[in-house]
Amino acid sequence: NSAEQPKERRSSQPQRDDDDDSAGAAGSSAEATAAAEEKLNLNPKLNDRKKQLKVLVVGCGISTLSEQLYRDGFTDSVSIDYSKAAVDMMNRTYACSIPDLEFKRMDVLELKFPA
């Protein structure tokens, strides 16, 4: 019947409260990030422990994970990948900026590390 009003469609998306201050959300996000980073550094024993641990990054490719771990305090790591091109690139990339990062070409099924 053309006289009937169309039914209201309901979205599955949550309704946004118009009173939200979207400008303040960016500030809150930055504050939350800063608070999370501060929590990570609250325990000096944990930071000391990070330096004692040996980390193996398997299948590192050209990811920045090894760098991120190093900057987070895990300074003793070896990153391996089967791709010679990826390992060569990572060694060139970090040769000057973080020379302690170690990248090796290695098959995960045939790990070869000194005893």
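User: Why is Arg 71 called exposed?

Analyst: In this predicted model, Arg 71 has a relative accessible area of 56%. The term exposed applies over 50%, so the value of 56% places Arg 71 in that class.

User: What makes the contact between Arg 71 and Glu 67 a salt bridge?

Analyst: The side chains of Arg 71 and Glu 67 come to 2.8 Å, N to O. A salt bridge requires a side-chain nitrogen of Lys or Arg within 4 Å of a carboxyl oxygen of Asp or Glu; the distance of 2.8 Å therefore meets the criterion. Both residues belong to helix 3, four residues apart, which means that about one helical turn separates them.

User: How do you know whether Glu 67 is buried or exposed?

Analyst: The relative accessible area of Glu 67 is 19%. Buried means under 20%, so Glu 67 is classed as buried.

User: What can be said of Ser 66 in helix 3, and which residues does Ser 66 touch?

Analyst: Ser 66 has a relative accessible area of 2% and is therefore buried, the limit being under 20%. Leaving aside residues up to four places away in sequence, Ser 66 touches Val 57, Cys 60, Ser 79, Leu 101 and Phe 103. Two of these contacts, Ser 79 and Phe 103, are also bridge partners, with Phe 103 in strand 3.

User: How many bridges join strand 2 to strand 3, and how do you know that these strands pair?

Analyst: Strand 2 (residues 77-81) and strand 3 are joined by four bridges and run parallel. Pairing needs at least two bridges, so four are sufficient.

User: Why are strand 1 and strand 3 described as standing at the edges?

Analyst: The open sheet has three strands in the order 1-2-3, with parallel pairing. Strand 1 and strand 3 (102-105) each have a single partner strand, so one side of each has no neighbour in the sheet. On average, neighbouring strands of this sheet are turned by 25° against each other, direction ignored. Helix 4 (residues 84-94) lies across strand 2 and strand 3, and runs at about 160° to strand 3.

User: What makes the pair of Asp 72 and Lys 50 a salt bridge, and which parts does the pair tie together?

Analyst: The closest N and O atoms of Asp 72 and Lys 50 are 3.4 Å apart; the limit is within 4 Å, so the pair qualifies. Asp 72 lies in the loop between helix 3 (65-71) and strand 2, whereas Lys 50 is in helix 2 (residues 44-52), so the pair ties together parts 22 residues apart in sequence. Lys 50, at 4% relative accessibility, counts as buried, while Asp 72, at 32%, counts as partly exposed.

User: Why does Asp 76 count as partly exposed, and with which residue does Asp 76 form a salt bridge?

Analyst: The relative accessibility of Asp 76 is 30%. Partly exposed covers what is in between buried, under 20%, and exposed, over 50%, so 30% belongs to this class. Its salt-bridge partner is Lys 54, with the closest N and O atoms 3.4 Å apart. Lys 54 counts as exposed at 70% relative accessibility. The structure holds five salt bridges, including this one.

User: What makes Val 58 eligible for a nonpolar surface patch?

Analyst: Val 58, in strand 1 (residues 55-58), has a relative accessible area of 47%. Patch residues need over 30% and no salt bridge, so the area of Val 58 satisfies the first condition. The patch covers about 560 Å² and is made by Leu 56, Val 58, Val 108, Leu 109, Leu 111 and Phe 113.

Notes:
Residues are numbered from 1 along each chain as its sequence is written. This is a predicted model: local features need pLDDT of at least 70, side-chain atom pairs count only at pLDDT 80 or more; totals for chains, interfaces and linings use all residues. Side-chain values use heavy atoms; hydrogens and water are left out. Patches are made of residues with over 30% relative accessible area and no salt bridge: like charges are joined within 9 Å, nonpolar side chains (Val, Leu, Ile, Met, Phe, Trp, Tyr) within 5 Å. Accessible areas come from the Shrake-Rupley method with a 1.4 Å probe; for residues, only the protein chains shown count as cover. Helices (H or I, at least four residues) and strands (E, at least two) are DSSP runs, numbered from the N terminus. Buried means under 20% relative accessible area, exposed over 50%, partly exposed in between (1.4 Å probe, protein chains only). Axes are lines fitted to C-alpha atoms, for helices over the stretch in contact, and angles run from 0 to 180 degrees between N-to-C directions. Contact means heavy atoms within 4.5 Å.
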